[in-house]
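Please open the model in a viewer and keep the sequence panel visible. The tour goes from the overall division to the ligand and then to some backbone details.

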Amino acid sequence: MKSQIGLIGLAVMGRNFALNFSNKNIPISVYNRTSQITDDFIDTYSRSNLKGFISLQDFVNSLEKPRKILLIVKAGPAVDNVIQELIPLLDPNDTIIDCGNSYFKDTQARQKYLQEKEIQYIGMGISGGEEGALNGPSLMPGGEKEVVEKLLPLLEKVAAPSPTPCVAYMGNNGAGHYVKMIHNGIEYADMQLIAEIYHLGRKVFKMDNLTLSQLFEQFQKTELNSYLVEITAKILRTPDSTPDTFLVDKILDVAEAKGTGKWTVQEAVELDEMVPSIMAAISARSKSKEKRKRQELERKYKRDNKEQLLPSSNEINLLLQEAMLAAKILSYAQGIDLLQKASEVYQFDLNLSKIAKVWRGGCIIRSSLLNTIADHFEKSEQSLLFSPFFQERLQQCMGSLRKLIGIAQGNTIPVGSLSGALFYFDLNSTDNLPMNLIQAQRDYFGAHEFARTDRPGRFHYQWSENGNN
Ligand code: 6PG
């Protein structure tokens, strides 16, 4: 019997995704460049619906036609290498599905290249880590609509099942990987916001790990309910090997990044959008790597932490909760604004309500807020800031966000993602900005002209008597 689908790349995500198909009784063939890995995998999981192959040709021959092949290999040249090896073995209308975190422009180019060879190419974002790959990830496929639609019944079986199967057609031309890139940008901001709340809790409000863990557990009972808050509560109470110590305190404060967050920021700049909370999360990770420099400069600069009137202990939890809710809404709004802009610019024709629904389960940013976000975009195409529900929440919580940022600044705690959220909010909701002065400066030194408030047209003024301008 031929397999319904094939999978190339048996690192941990690939292995778990293959097992997910097999668990759902979908016969699957697997292949890995290093054959020992395939052998070990098949030895460990001997099942009739899971077949391993040492030769790529045999792997391809084992698949039902038109073939469907999932690639779960490292984004970048490895994807192109596998594609090159597959091309001579495939027939017209076979489909390759790239499940890595590929750059959307690479996906566009690969799709075009393969179309010329009559091979279908789908770029599919997958989120949920190892556990999600095994038990149900969130899936974001993009490419030719008819091709994705034919795949959907299969993908629905392996996607996170609740609240509804977390998979939907995203759009053509790299849209699947674009949506995954934005997911990751929001993931960066979400993680950084939690880290900033933790930093403030620890340093300013003198909360210990268990108290902080309880705080995040309490957040779980509110609109902040999310996977990242859930795992944070668990991380904070995880002990280390010696009594009364916690693992989190033994972990070096240097964070890595693979690049999808950086692409999100680059895209925001490219498309005239702003994602300051995501940008701050990237900067925090980058600067974290300069541990020595940070240590040296902390010694050099005496901190003059002013005595501040801190909130009473029973006010602190609410302050942190409200500030985090406001900042979280605002960082989702930043990512979603960028999706909206990209949808126009790249003609992705994204359905934001569907995207929010696909993110409700299985993925790293799954959270209860996504239900409300999906509801908003079911009725409206306007930015989240126009949602009556979020307007009410922001009205209620912005005071806490402002207050917490003030406390952080007074205590020299860097809170870029919280502050970025506030900057995004204030910039978007202020009628009169000082851009009149910027326009005057540009006209002064470069004769760039300006528009006036009192009459139409472009104007230049002779600002200086002796200058050319
Ligand atoms: C997911 C994640 C995943 C990502 C890791 C690491 O949705 O499952 O986004 O795709 O690769 O979270 O990303 P960084 O190394 O960039 O933090």
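Colour the chain by domain: domain 1 covers 5-173, domain 2 covers 180-428 and domain 3 covers 435-466, with bounds taken from an automatic or database domain assignment. Between the C-alpha centres of domain 1 and domain 3 the distance is 56 Å.

This is a predicted model, in which local features need pLDDT of at least 70 and side-chain atom pairs count only at pLDDT 80 or more, while totals for chains, interfaces and linings use all residues. Residues are numbered from 1 along each chain as its sequence is written, and side-chain values use heavy atoms, with hydrogens and water left out.

Next, select the ligand and the residues near it (those with a heavy atom within 4 Å of it). This shell has 13 residues, and the closest are Ser 127, Lys 180, Glu 187, Tyr 188 and Arg 285. Both domain 1 and domain 2 supply at least three residues to the shell. Now highlight helix 8, residues 175-203: with 5 residues, helix 8 gives the most to the shell. Helices here are DSSP runs of H or I with at least four residues, strands are runs of E with at least two, and both are numbered from the N terminus.

Colour the shell by residue class to see 3 nonpolar, 6 polar and 4 charged residues. In this scheme Ala, Val, Leu, Ile, Met, Phe, Trp, Tyr, Cys and Pro are nonpolar, Asp, Glu, Lys and Arg are charged, and the others, Gly among them, are polar.

Which atoms make polar contacts with the ligand, counted as pairs of N or O atoms within 3.5 Å? Show Arg 285, which has a polar side-chain atom 2.8 Å from a ligand oxygen. Asn 101 also places a polar side-chain atom 3.0 Å from an oxygen of the ligand. At Gly 128 the partner is a polar backbone atom, 3.0 Å from a ligand oxygen. On its own the ligand has 410 Å² of accessible area, and the protein covers 80% of this (Shrake-Rupley method, 1.4 Å probe).

Leave the ligand and go to the backbone. Most residues other than glycine have a negative phi, and most peptide bonds are trans. Select Lys 65 and Pro 66, which are joined by a cis peptide bond with omega about -15°. Pro 66 is in the loop between helix 3 (56-61) and strand 4 (68-71). Move on to Ser 162 and Pro 163, where the peptide bond is cis with omega near 0°; Pro 163 belongs to the loop between helix 7 (145-158) and helix 8.

The last stop is Asp 349, a residue other than glycine with a positive phi, near 55°. Asp 349 is found in the loop between helix 15 (313-345) and helix 16 (352-358).

Definitions and conventions: Polar contact = N/O pair within 3.5 Å; in protein donor to acceptor, adjacent residues only side chain to side chain.
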